[in-house]
Amino acid sequence: MDVYAVIGAPIHHSLSPKMHNHQFQNLRLDAVYVPFLVQPEDLSKAVEGMRALNIKGFNVTIPHKEAIFPLLDQIELAAEVIGAVNTVICKEKKWIGINTDCSGFIASLKDENVQIKNKKILVLGAGGAARAVVYGLCIEQANKICIANRSLPRAQMLANDFLKYGEVCTCTLQDALKEAKKYDMIVNTTPVGMYPNVETSPLLYAEFDSACVVVDIIYTPEKTMFLKQAEQFGCQTINGLGMFVHQGAIAFQRWTGQAPDITKMKSIVKKSLEGTK
């Protein structure tokens, strides 16, 4: 039996095991996916242990996405540019770090027939998720990307890292609030509005253009206050479920060489989320 895993701290909340194990069964693969609680001080030992145990591949979540870099044999370009590894694949006995958050995010937009090329896009937040989103939007040739964050210097650092890939600028959250109507798409990459703090929004009282696509990478709750605001202006809204499922599906395919059933994966995650309410 092939063994796959996810490592992080905490890890008990992860929905990845249910999603991946369902697909192993669906495709009749002799494989299992297990969660491993790995504290930061144990990361190096855990990675070496997985090598010794012939683990076929694993996902990486908080707080290891950056710390794992020196423990791998190779890093793919997207992961290197984004500065985070969320998936490790084993190829010819080498650990290769990749990032599927970026491609998962873009795939989730394409599912909803959202056009990115030549669009003016506002990204809220300047953390690791924002880096994956901004890189994806640059690759898909967005016209202009503006990053708004509580800490403007942090937003500027992110923007500087991606200037070679597209037109990327920054603004304050106050400016973003005033000028929200100017954008074709707004993406929230912050945890503001995530369960249990469901009554908050990163752009409270903002007004949106009805043609704007509003995306929140949060998927608990299914509809954040931010998305509810946007719906009041007639905007198309997208939550983070698609991004989560697609990033997992891309990892699954890189590990096994087989395409999982995206629809069934979404269904499994939705049922799991409903069970936690």
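Okay, let's start with aspartate 73, which is partly exposed at a relative accessible area of 43%. Keep in mind that we're looking at a predicted model here. Aspartate 73 makes a salt bridge to arginine 51, with the closest N and O atoms 3.2 Å apart. Where do the two sit? Aspartate 73 is in the loop between strand 3 (57–60) and strand 4 (74–75), while arginine 51 belongs to helix 2 (residues 43–52), so this pair ties together parts that are 22 residues apart in sequence. Arginine 51 is partly exposed too, with a relative accessible area of 27%. And there's a third member: Glu48 joins Arg51 and Asp73 in a network of salt bridges.

How many salt bridges does the structure hold? There are 11, and I'll pick out a couple of others.

One of them is between lysine 65 and aspartate 101, again with 3.2 Å between the closest N and O atoms. Lysine 65 is in the loop between strand 3 and strand 4, and aspartate 101 is in helix 4 (residues 101–111), so here the bridge ties together parts 36 residues apart in sequence. Now, buried or exposed? Aspartate 101 is buried, at a relative accessible area of 14%, whereas lysine 65 comes out as partly exposed at 24%. The cut-off for buried is under 20%, so that's why those two values get different labels.

Then there's glutamate 231 with lysine 223, whose side chains meet in a salt bridge at 3.2 Å, N to O. Glutamate 231 is partly exposed, with a relative accessible area of 35%, and lysine 223 is partly exposed as well, at 39%.

Back to lysine 65 and aspartate 101 for a second, since both turn up in the next bit. Which residues does asparagine 86 touch? Leaving out residues up to four places away in sequence, the list is Phe58, Asn59, Val60, Lys65, Ile98, Asn99, Thr100, Asp101 and Gln247. So both partners of that salt bridge are among the contacts of asparagine 86. Asparagine 86 itself is in the loop between helix 3 (77–82) and strand 5 (87–91), and it counts as buried, at 3% relative accessibility.

Okay, strands. Strand 1 (residues 2–8) has 5 of its 7 residues buried, so it's largely enclosed by the rest of the structure. Who does strand 1 pair with? With strand 2 (residues 31–37) it pairs in the parallel sense over 7 bridges, and in that pairing valine 6 has proline 35 as its bridge partner. To get from strand 1 to strand 2, the chain goes through helix 1 (residues 16–26), and that β-α-β crossover is right-handed. Strand 1 also pairs with strand 3, in the parallel sense over 4 bridges. There, isoleucine 7 stands opposite valine 60 in strand 3. You've met Val60 already, as one of the contacts of asparagine 86.

While we're on strands, a general reminder: in a regular strand, side chains alternate between the two faces of the sheet.

Last stop is the surface. Leu177, Leu204 and Tyr205 form a nonpolar patch there, and together they have about 330 Å² of accessible area. Leucine 177 is in helix 7 (residues 173–178), and it counts as partly exposed, at 33% relative accessibility.

That's my tour, happy to go back to any of these spots.

Note on methods
Residues are numbered from 1 along each chain as its sequence is written. This is a predicted model: local features need pLDDT of at least 70, side-chain atom pairs count only at pLDDT 80 or more; totals for chains, interfaces and linings use all residues. Side-chain values use heavy atoms; hydrogens and water are left out. A salt bridge is a side-chain nitrogen of Lys or Arg within 4 Å of a carboxyl oxygen of Asp or Glu. Helices (H or I, at least four residues) and strands (E, at least two) are DSSP runs, numbered from the N terminus. Buried means under 20% relative accessible area, exposed over 50%, partly exposed in between (1.4 Å probe, protein chains only). Contact means heavy atoms within 4.5 Å. Patches are made of residues with over 30% relative accessible area and no salt bridge: like charges are joined within 9 Å, nonpolar side chains (Val, Leu, Ile, Met, Phe, Trp, Tyr) within 5 Å. Accessible areas come from the Shrake-Rupley method with a 1.4 Å probe; for residues, only the protein chains shown count as cover. Two strands pair if DSSP finds at least two bridges between them. A crossover is right-handed if, with the strands pointing away from the viewer, the path from the first strand over the helix to the second runs clockwise.
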